[in-house]
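Colleague: I've got this model open on my screen and I'd like a close look at a single part of it. Could you pick up at the core and walk me through what sits there and what surrounds it?

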Amino acid sequence: MTPSDDASFSPTETGVLNALPHPVFVLGPDGKFAFVNSDAEQFFSSGAASLAKRKLSDFIPYDSPIFGLIDQVRQNHSRISEYRVDVSSPRLGGERLVDVYVSSMADRPEHLVVMIQLRSIADKMDRQLTHRSAARTVTGLAAMLAHEIRNPLSGIKGAAQLLETAATDEDRVLTRLIQEESDRIVKLVDRMEVFSDQRPIERSAVNIHSVLEHVKTLAKSGFARGIRIHETYDPSLPSVYANRDQLVQVFINLLKNASEAVAGREDGEIRLSTAFRPGVRLSVPGTKTRVTLPLEFIVEDNGVGVPDDIREHIFDPFVTTKPSGTGLGLALVAKIIGDHGGVIECESHSGHTMFRVLMPAWTDPKRSDEAANQPMGRRTR
């Protein structure tokens with residue numbers, strides 16, 4: 001469309017916005033559409049010229065939560081993401097739940113950019129709740145194997161301790177790694193009730209970069225030997241509120257899948273990244289509570305990708321493409337992340353697969369109590 005003069009975009013910018021696979025539009029200070037991309041025209045079933053004369057409220061009822069988000073961004077000149085926003089309207093074809101991103105424009109703060117994503121990450125969380133129930137079917141088998149696992153682990157750890165006495169400094173790193181992993185597996189065996197245990201998880205402040213480096217060391221010493229692993233970390237990232245051993249288990253499974261996907265490729269590589277995503281919130285099913293998940297951890301690979309026929313069921317137990325696989329690895333990952341109040345999602349096509357984990361940050365309870373006890377207007381920031 002031809003936007004108003006005070007909210008104009010260059011041809012290159014317009015081309016980029018039209019290339020996005022999501023409806024994107026700009027609202028002026030009067031609430032009217034100042035710009036829409038081609039997907040937004042399809043979403044509102046109206047042409048650009050017609051939309052330029054209309055307001056968003058002409059298409060979506062005033063009581064929709066989207067207007068609360070818009071007002072919040074206008075007041076704070078900030079940005080926010082919200083999942084499962086109801087924009088249902090007869091004008092839009094009935095019931096619609098969408099994900100919404102709203103941000104003020106740096107050079108024109110009175111204008112707001114809105115992006116709508118038709119899929120909902122919260123729906124993925126609902127599917128993960130279903131995955132948990134199916135995963136519990138392995139509880140009996142796990143209990144039966146627990147005793148048989150502890151015995152060889154004890155021997156492995158003892159052998160590593162003996163080797164350490166005569167090992168070089170370089171080899172001693174590996175013997176200590178064997179002992180640490182043996183202890184960690186014993187803890188996992190002790191908590192095999194994770195599939196049915198409803199007790200609260202023992203959580204604390206965990207440095208995710210320490211976890212990822214530990215997992216990377218394990219991977220490079222074993223299943224990912226010879227594979228390039230790149231990191232893009234946000235050094236200012238706060239601690240994640242989680243159980244460290246369970247996070248190690250999660251990322252070992254994800255890196256193992258990634259390494260198997262790129263195995264045999266000369267250009268095969270894995271990327272680990274962390275980031276802070278303020279404003280990412282979602283609804284807890286069955287309540288009005290909204291959980292903030294600002295910490296984003298990503299494992300990517302340039303392998304063959306997940307086949308189309310199982311992509312939607314990738315976190316279901318016993319779903320696998322490996323001839324000798326059990327299909328329990330990703331089911332356990334989804335269960336652990338879900339128990340932490342987080343979300344995991346998978347995006348995949350040929351040549352690229354990405355697992356994105358969203359988790360809550362750790363908050364110092366002492367600081368929270370101090371802030372709560374201070375008089376209004378004098379709270380620390």
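Modeller: Here's a walk through the core, followed by the parts around it.

Bear in mind that this is a predicted model. Mean pLDDT for the protein chain is 78, with 74% of the residues at 70 or more. Two stretches deserve caution. Over residues 1-6 pLDDT stays under 50, and the model has 13 contacts beyond four places in sequence for them. Residues 368-381 also stay under 50, with six such contacts.

Now to the core itself. The largest nonpolar core has 43 residues, and the members that touch the most others are Ile208, Val240, Leu247, Phe251, Leu254, Phe297 and Ile344. Which elements each supply at least two residues of this core? They are H8, strand S8 (240-242), H9, strand S9 (269-276), S12, helix H10 (329-339), strand S13 (343-349) and strand S14 (352-359). H9 gives the largest share, nine residues. There's another core lying apart from this one, with 27 residues, and it includes Leu27, Val36, Val73 and Val87. We'll come back to that second one.

Let's zoom in on Phe251, one of the best-connected members of the 43-residue core. Phe251 has a relative accessibility of just 1%, so it counts as buried, the cut-off being under 20%. Phe297 is buried as well, again with a relative accessible area of 1%. Eight aromatic pairs turn up in the model. Phe251 and Phe297 form an edge-to-face one, 6.3 Å centre to centre with 65° between the planes. That pair links distant parts of the chain: Phe251 belongs to helix H9 (residues 244-262) and Phe297 to strand S12 (residues 295-301), 46 residues apart.

On to Val211, which sits in helix H8 (residues 208-221). It's buried, with a relative accessible area of 0%. Leaving out residues up to four places away in sequence, Val211 touches Val206, Arg244, Leu247, Val248 and Phe251. Val211 and Phe251 are 40 residues apart along the chain, and 8.4 Å separates their C-alpha atoms.

Glu181 is worth a stop too. You'll find Glu181 in helix H7 (residues 169-190). Is Glu181 buried or exposed? At 11% relative accessibility, Glu181 counts as buried. Its contacts, again leaving out residues up to four places away, are His214, Leu218 and Ile252.

Back to that other core, where Val73 is among the members. Val73 is also one of the buried residues of H4, together with Ile66, Phe67, Leu69 and Ile70. Looking down the axis of H4, you'd see its buried residues fall within an arc of 155°, so they line one face of the helix. An α-helix has 3.6 residues a turn, so residues three or four places apart point the same way. What do the buried residues of H4 pack against? They pack against strand S1 (24-27), S3, strand S4 (97-104) and strand S5 (112-117). The length of H4 checks out as well: its 12 residues should span 16 Å at 1.5 Å a residue, and the end C-alpha atoms are 17 Å apart, which agrees.

Right after H4 comes His77, with a positive phi near 50°. His77 lies in the loop between helix H4 (65-76) and strand S3 (79-86). Why flag it? Most residues other than glycine have a negative phi. Ser45 is another case, with a positive phi of about 55° although it is not a glycine. You'll see Ser45 in the loop between helix H2 (38-44) and helix H3 (48-51). At 63% relative accessibility, Ser45 counts as exposed.

Last, some more aromatics. Phe25, Phe33, Phe43, Phe44 and Phe59 form one aromatic cluster. Both Phe43 and Phe44 are buried. As for geometry, going back to the eight aromatic pairs, the rings of Phe43 and Phe44 have centres 5.1 Å apart and planes at 90°, so this pair is edge-to-face.

How values were computed: Residues numbered from 1 in each chain as written. Predicted model: local features only at pLDDT ≥ 70, side-chain atom pairs only at ≥ 80, totals over all residues. Heavy atoms only, no water. Helix = DSSP H or I, 4+ residues; strand = E, 2+ residues; numbered from the N terminus. Buried < 20%, exposed > 50% of the residue type's maximum accessible area, 1.4 Å probe, protein only. Expected span 1.5 Å × (residues − 1). Arc of directions from axis to C-beta. Contact = heavy atoms within 4.5 Å. Phe/Tyr/Trp six-rings, centres within 6.5 Å; stacked < 30°, edge-to-face > 60°. Core = buried A, V, L, I, M, F, W, Y, C linked by side-chain atoms within 4.5 Å. pLDDT = per-residue confidence, 0-100.
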